[in-house]
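Please open the model in your viewer and keep the selection tool at hand. The tour below proceeds stop by stop, stating at each what to select and what is found there.

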Amino acid sequence: MLITVVTIFPDFFTGPLSLSIPARAVAAGAVQYRVVDLRDYTHDRHRTVDDYPYGGGAGMVMKPEPFFEAVETLKPSGPIVLLSPRGRRFTQDDARRYALGAELTLLCGHYKDVDQRVAEGLATEELSVGDFVLSGGEPAALCVLDAVVRLLPGALGDHESASSDSHYDGLLSPPSYTRPPEYRGMAVPEVLLSGNHARIAEWREAEAERLTRERRPDLLERDDRAGQAE
């Protein structure tokens, strides 16, 4: 898989992409990263990527020309995603969908906003990682990239590690414990020490549903709506 990131801060990605799962995926031959400096697609000596907003107001808006020229030069296939607080919320379903493809392109905005023509005429999708505002699209792009890459063959030690994560099957994951069996008066649930794999599976399933119902009932409601639609 080829993942392209278009940004005015390419150095932002140097460390994260050389560590942990993103780096392991490269070593396994599962992914290649292409981090592109948006300023390389400007034509003035100041390498200008932003300008004042039409209609007035505070902040600067990123110009459309560098984004369009970058994408037209790179000729990417697959989804072209603009990271934006106006976008639809990124989900695990999106990560799985992208992981099945051969290419993914992530466009990182900055400053006050990105010219709307990038969203309407260039990006195929506009996504947000949550109901909050970041200084730029770079942290959001890393979230999307990491969520996708860890699903690729060879990125993790085994597939079960990903399949037991929160959101993989629509629920939050159950609690996890490791040694010691008791710490500061807090004990590991007895069922996890029993060696009875059937009981352990039942406990984990029940805990996953309990936590989801308590903390994210919207996930259960979404599954109910999907079931009714089918």
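The stops that follow cover strands, cores, cysteines and a few single residues.

**Before starting**

The model is predicted, so local features are reported only at pLDDT of at least 70 and side-chain atom pairs only at pLDDT 80 or more, while totals for chains, interfaces and linings use all residues. Residues are numbered from 1 along each chain as its sequence is written, and side-chain values use heavy atoms, with hydrogens and water left out.

**Stop 1: strand 1 and its partners**

Select strand 1, residues 2-7. Helices (H or I, at least four residues) and strands (E, at least two) are DSSP runs, numbered from the N terminus. Strand 1 pairs with strand 2 (residues 32-37) in the parallel sense, over six bridges; two strands count as paired if DSSP finds at least two bridges between them. To see one such bridge, select T4 together with R34, its partner in strand 2.

Now add helix 1 to the selection. Strand 1, helix 1 and strand 2 form a right-handed β-α-β unit. Right-handed here means that, with the strands pointing away from the viewer, the path from the first strand over the helix to the second runs clockwise.

Strand 1 also pairs with strand 6, again in the parallel sense, over five bridges. Within strand 6, E103 is the residue opposite L2.

**Stop 2: strand 6**

Is strand 6 enclosed or open to the outside? Six of its six residues are buried, so strand 6 is largely enclosed by the rest of the structure. Buried means under 20% relative accessible area, exposed means over 50%, and partly exposed lies in between (1.4 Å probe, protein chains only). Colour E103, T105 and L107 to mark one covered side of strand 6, then L104, L106 and C108 to mark the other.

Strand 5 is a further parallel partner of strand 6, joined over four bridges. Select I80 to find the residue that stands opposite T105.

**Stop 3: the nonpolar cores**

Next, select I3, L104 and L106, which have the most contacts inside the largest nonpolar core, a set of 32 residues. A nonpolar core is a set of buried Ala, Val, Leu, Ile, Met, Phe, Trp, Tyr and Cys residues joined through side-chain atoms within 4.5 Å. Among the elements that each supply at least two residues of this core are strand 5 (80-89), helix 3 (92-99) and helix 5 (138-149). Helix 5 gives the most, with eight residues. In soluble globular proteins, nonpolar side chains tend to be buried together.

Leaving aside neighbours within four places in sequence, I3 is in contact (heavy atoms within 4.5 Å) with residues including V31, Y33, L145 and V149. Another core, of 19 residues, lies apart from the largest one; V6, V71, L107 and V118 are among its members.

**Stop 4: T7**

Return to strand 1 and select T7. T7 counts as buried because its relative accessibility is 0%. A polar atom of the T7 side chain lies 2.8 Å from the backbone nitrogen of F9. Beyond four places in sequence, the contacts of T7 include F13, V35, D37, C108 and E138.

**Stop 5: the cysteines**

How many disulfides does a search of the whole structure find? It finds zero, a disulfide being a pair of cysteine sulfur atoms within 2.5 Å. For C108, the nearest cysteine sulfur is that of C143, 11 Å away, which is too far for a bond. C108 counts as buried, at 0% relative accessibility, whereas C143 counts as partly exposed, at 45%.

**Stop 6: the three-stranded sheet**

Select strands 3, 4 and 7, which form an open sheet in the order 3-4-7 with mixed pairing. Strand 3 (50-51) and strand 7 (113-114) stand at the edges with a single partner strand each, so one side of each is left without a neighbour in the sheet. Strand 4 (residues 61-62) runs parallel to strand 7, and two bridges join them. M62 is placed opposite V114.

**Stop 7: helix 2 and helix 7**

In helix 2 (residues 64-74), select the buried residues P64, P66, F67, A70, V71 and L74. Just after helix 2, K75 takes a positive phi of about 50 degrees.

Finally, move to E207 in helix 7 (residues 197-215). E207 counts as buried, at 15% relative accessibility. Outside its neighbours within four places in sequence, E207 is in contact with P174 and P175. E207 and P175 are 32 residues apart in sequence, yet their C-alpha atoms are 7.4 Å apart in space.

Conventions. A polar contact is a pair of N or O atoms within 3.5 Å; within protein, one must be able to donate a hydrogen and the other to accept it, and residues adjacent in sequence count only if both atoms are side-chain atoms.
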